[in-house]
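Trainee: I'm new to this one. Could you walk me through how to read it?

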Amino acid sequence: MNKKGCNRNSTQKLSTFDWMCDLPDTQKDTDFVEVQFKNTRKGYFLNSTKIPLEKGDVVAVESSPGHDIGEVTLVGRLVLLQMKKYNVNPEKIEVRRVYRKAKETDLEKYQEAKAKEQSTMIKSRQIAESLNLNMKIGDVEFQGDGNKAIFYYIADERVDFRQLIKVFAETFRVRIEMKQIGARQEAGRIGGIGPCGRELCCSGWMTNFNSVSTSAARIQDISLNPQKLAGQCGKLKCCMNFELDSYTDASKNFPSKEIQLETLDNTYYHFKTDVFKGAISYSTSPNFAANLVTITAKRAKDVIAMNRKGSKPDLLDDKIDEEVKAIPVNYENGVGQDSLTRFDSSKKRSGKSNRRSNNRPQNKPAQVPENKGIENKGEENKKPENKKTPRFQKPIKKTDNSTKENEK
């Protein structure tokens, strides 16, 4: 279901999202099909015999010499769009044909040839080292019928591998084809997980590799640490170019980083620019962070205009504290204004008198009898005297006379 549906084929690199798979009329618009081989190698072939093909079918296609085995990854109108994207013009280029769906014998030969690739790559590296060639063989791919092998290598300089091809042909007994690739293409063929936790872009969806320079890191205020800027291929990360245009357009609204801001107290130098917040941080030292002050781009332009006129402001962040600093948010109780501790008693009460008072209504005063209202009128302001009786009394010493009197 994953291969024949609209989703990407997770087992193949550089797979295309087939957003036309739910439109049955588009599946028969063209006889061209896209066939993918090992890793990122793809080709477009003509289904001249009108074989009913779907995504995920293993087919035998024309090659030179013999035939090759691959998997159909796209059919229908979307194939024409992909051919236009990769500049494949069938009128100028001879397009090869699809022979048939792969049989059991074809798959057996394909598995036998595929099992030789790892051992062949190790042996080829030893031969290249023995010939003192400054090159690295990164991958070996056998053709489906086992009659041809493609050696992918990396080299900084031009390599004369005429003697190497002769040794390879005598050793492996197959037709040899050498292809030079770059470090980024090698990383795309090998694959892996990037520092972001996702699949490498070069093995997932990227087909064109543009040059990346350190100026992209400077524009985006990224620390120039070579260990963090380099990818698994050893080159600068391709993702540094993804947001470069947005940062370049946004930086036009900011003043130049080389302009110094003058105040009555200090001279401020540019330290950092936050493009998303539209704020600039200035320091009193040109080499390190000291007395950092963060202001908006508008305020920085105003100070620069004042300095050009010969005036200096008292403070750098005057009248813009509210714009730069975060506004505190006052949270409100959406359920109600009652406190969660409204049912908790503040003090523990004991005694019969306290129990009686708890039975009274909270907002109503205690009822006073009519007869005692007049007498208690003048006594309302008087405070009752607290006569404390000792809890324990000391024993009284009794004399002899007192005992006799008590006996009488």
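Mentor: Happy to. Let's begin with the naming: helices and strands are DSSP runs, at least four residues for a helix and at least two for a strand, numbered from the N terminus. Keep in mind that this is a predicted model.

Trainee: Where does Asp265 lie, then?

Mentor: Asp265 sits in the loop between strand 9 (261-262) and strand 10 (267-274).

Trainee: Is Asp265 buried or exposed?

Mentor: For that you need a cut-off: over 50% relative accessible area is exposed, and under 20% is buried. Asp265 has 59% relative accessibility, so Asp265 counts as exposed. Also look at Lys312: 47 residues separate it from Asp265 along the chain, yet their C-alpha atoms are 9.3 Å apart.

Trainee: What about Gln220, buried or exposed?

Mentor: Gln220 is in a loop too, the one between helix 7 (215-219) and helix 8 (226-229). Its relative accessibility is 12%, so Gln220 counts as buried. A polar atom of the Gln220 side chain lies 3.3 Å from the backbone oxygen of Ala216.

Trainee: Now the strands. How many bridges join strand 6 to strand 7?

Mentor: The idea here is that two strands pair if there are at least two bridges between them. Strand 6 (residues 136-142) and strand 7 (residues 148-154) are joined by six bridges and run antiparallel. In this pairing, Asp139 stands opposite Tyr152 in strand 7.

Trainee: What links the two strands along the chain?

Mentor: They form a hairpin with five residues between them, and Gly146 in that turn has a positive phi of about 80°.

Trainee: How many residues of strand 6 are buried?

Mentor: A bit of background: in a regular strand the side chains alternate between the two faces of the sheet. As for strand 6, six of its seven residues are buried, so "mostly covered" is a fair description.

Trainee: Which way do strand 7 and strand 8 run?

Mentor: Strand 7 and strand 8 (residues 175-180) run parallel, with six bridges joining them. One pair to look up is Ala149 with its bridge partner Ile176 in strand 8. Put helix 4 (residues 162-172) into the picture, and strand 7, helix 4 and strand 8 make a right-handed β-α-β unit.

Trainee: Last one: which residues make the nonpolar surface patch?

Mentor: Phe17, Trp19 and Leu81 do, and the patch covers about 320 Å². Leu81 belongs to helix 1 (residues 77-85). With a relative accessible area of 40%, Leu81 is partly exposed.

Conventions: Residues numbered from 1 in each chain as written. Predicted model: local features only at pLDDT ≥ 70, side-chain atom pairs only at ≥ 80, totals over all residues. Heavy atoms only, no water. Right-handed = clockwise from strand over helix to strand, strands pointing away. Patch = residues over 30% accessible without salt bridge, like charges linked within 9 Å, V, L, I, M, F, W, Y side chains within 5 Å. Areas by Shrake-Rupley, 256 points an atom, 1.4 Å probe, with all protein chains shown as cover. Salt bridge = Lys/Arg side-chain N within 4 Å of Asp/Glu carboxyl O. Buried < 20%, exposed > 50% of the residue type's maximum accessible area, 1.4 Å probe, protein only. Polar contact = N/O pair within 3.5 Å; in protein donor to acceptor, adjacent residues only side chain to side chain.
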